[in-house]
Amino acid sequence: MSDEIIFRELVPPTGRHPVPLHDVGNERRSAFADRPWVYANMITSLDGGVAIDGVSGGLGGPADQAVFASLRAVADVILVGATTAIEEDYRPASDRHRNVRAERGQRPRPVVAIMTRSLSIEPSHRVFADESARPLIITVANAPQDRRSALANVADIIDAGNDDLDLASALRQLRTLGFERALLEGGPTINGQFIAADLVDEWNLSLAPSLISGTSARAAHGPSPIEVADFDLARLWQSGAMLFGRWLRSR
């Protein structure tokens with residue numbers, strides 16, 4: 001932990017100084033028989049916005065980046081919508097924590113899985129640039145055939161549903177592929193779909209000390225769930241004026 005980035009644990013009220021890579025890696029995330037453990041990670045402003053000028057980077061800082069990297073370090077697969085992958089200019093996940101992951105029996109880096117019905121992302125996007133980190137694309141059987149053919153050269157394609165994404169089917173297939181922990185990085189539409197289907201087991205939220213107003217989306221939007229999902233606060237960290245919470249689904 002660098003001198004510039006110091007965390008303090010508020011919940012539980014230990015007051016100790018956690019090290020995100022170590023502490024996040026030791027948190028329990030047990031896969032289900034038919035799907036991975038799904039845990040989301042988002043950052044918002046005090047007034048609920050998730051982006052400044054269309055990207056989330058302006059809200060964060062070194063502490064948020066440390067937590068973000070630590071949550072990614074335990075993921076087997078990263079779930080992201082095509083719009084977010086394009087707007088945030090996604091790249092292949094880093095393998096800088098490969099030694100820590102090897103000790104847990106994981107592959108050197110998580111696999112990025114892009115969720116899209118229309119296959120709108122271009123095969124020239126830099127997320128496809130590293131052949132050793134070939135992404136997945138989760139789409140529908142009736143996606144445009146020409147787009148499918150182009151993207152099949154740079155990614156492995158999974159069909160989940162015919163016209164609309166069947167999230168339960170997607171997760172079953174990911175579990176069959178051996179993925180036990182799926183990190184949901186949004187955007188808000190994808191998050192909303194997972195919430196409506198009650199498929200979020202853990203919600204991680206970084207709260208930035210900013211008021212941004214504007215027209216930014218909130219962390220999730222879309223159809224309302226059949227039943228409101230309740231979560232329990234598992235931990236809360238502070239670094240400077242930022243807060244980092246972890247909530248677990250009450251089941």
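Begin by selecting helix H7 (188-196), where Pro-188, Ile-190, Asn-191, Gly-192 and Phe-194 are buried, buried meaning under 20% relative accessible area, with exposed over 50% and partly exposed in between (1.4 Å probe, protein chains only). Helices (H or I, at least four residues) and strands (E, at least two) are DSSP runs, numbered from the N terminus. This is a predicted model, in which local features need pLDDT of at least 70 and side-chain atom pairs count only at pLDDT 80 or more, while totals for chains, interfaces and linings use all residues. Residues are numbered from 1 along each chain as its sequence is written, and side-chain values use heavy atoms, with hydrogens and water left out.

Keep H7 selected and add what surrounds it. The buried residues of H7 pack against strand S2 (37-44), strand S3 (77-81), S4, helix H6 (167-176), strand S7 (181-184) and S8; contact here means heavy atoms within 4.5 Å.

Next, look at the two ends of this helix. In the loop between S7 and H7 lies Gly-187, and the peptide bond that runs from Gly-186 to Gly-187 is cis, with omega near 10 degrees. Just after H7 comes Asp-198, with a positive phi of about 55 degrees, although Asp-198 is not a glycine. Asp-198 is found in the loop between H7 and S8 and is partly exposed, its relative accessible area being 29%.

From Asp-198, move to Ala-229, which sits in the loop between S8 and strand S9 (231-239) and is partly exposed, with a relative accessible area of 26%. Which residues does Ala-229 contact, leaving aside its neighbours within four places in sequence? They are Asp-198 and Arg-249. If you draw a C-alpha to C-alpha distance from Ala-229 to Ile-195, it should read 7.9 Å, although the two are 34 residues apart in sequence.

Ile-195 leads on to the second largest pocket, which holds about 520 Å³ of space. Of the 20 residues that line this pocket, Ile-195, Trp-203, Arg-218, Ala-219 and Ala-220 are the closest to its centre. On a 1 Å grid over the protein atoms alone, a pocket is an open set of points with protein on both sides within 12 Å along at least five of seven lines, whereas a cavity is a set of points where a 1.4 Å probe fits but cannot get out, and lining residues have an atom within 4 Å of a point. Grid points are joined across faces, edges and corners, and a volume is the space filled by probe spheres set on the points. H7 and strand S8 (202-207) each supply at least two residues of the lining of the second largest pocket, and H7 gives the most, with three. By class, this lining has 13 nonpolar, five polar and two charged residues, where Ala, Val, Leu, Ile, Met, Phe, Trp, Tyr, Cys and Pro count as nonpolar, Asp, Glu, Lys and Arg as charged, and the others, Gly among them, as polar.

Now follow S8 to the one cavity of 30 Å³ or more that the structure holds. To outline the largest cavity, with its volume of about 30 Å³, select Asn-41, Val-67, Leu-71, Asn-204, Leu-205, Ser-206, Arg-235, Phe-244 and Gly-245. The largest share of this lining, three residues, comes from S8, and the lining of the largest cavity has four nonpolar, four polar and one charged residues.

Turn then to strand S5 (residues 136-139), from which Leu-136 and Ile-138 point one way and Ile-137 and Thr-139 the other, all of them buried. Strand S4 (residues 111-115) pairs with S5 in the parallel sense over three bridges, two strands being paired if DSSP finds at least two bridges between them. Met-115 has Ile-138 as its bridge partner in S5. S5 also pairs with strand S6 (residues 156-159), in the parallel sense and over four bridges, and the bridge partner of Leu-136 in S6 is Asp-156.

Two last stops lie in loops. Leu-119, in the loop between S4 and S5, has a positive phi of about 55 degrees although it is not a glycine, and Leu-119 is buried, with a relative accessible area of 0%. Finally, select Pro-12, in the loop between strand S1 (8-11) and helix H1 (20-26), where a cis peptide bond with omega of about -10 degrees joins Val-11 and Pro-12.
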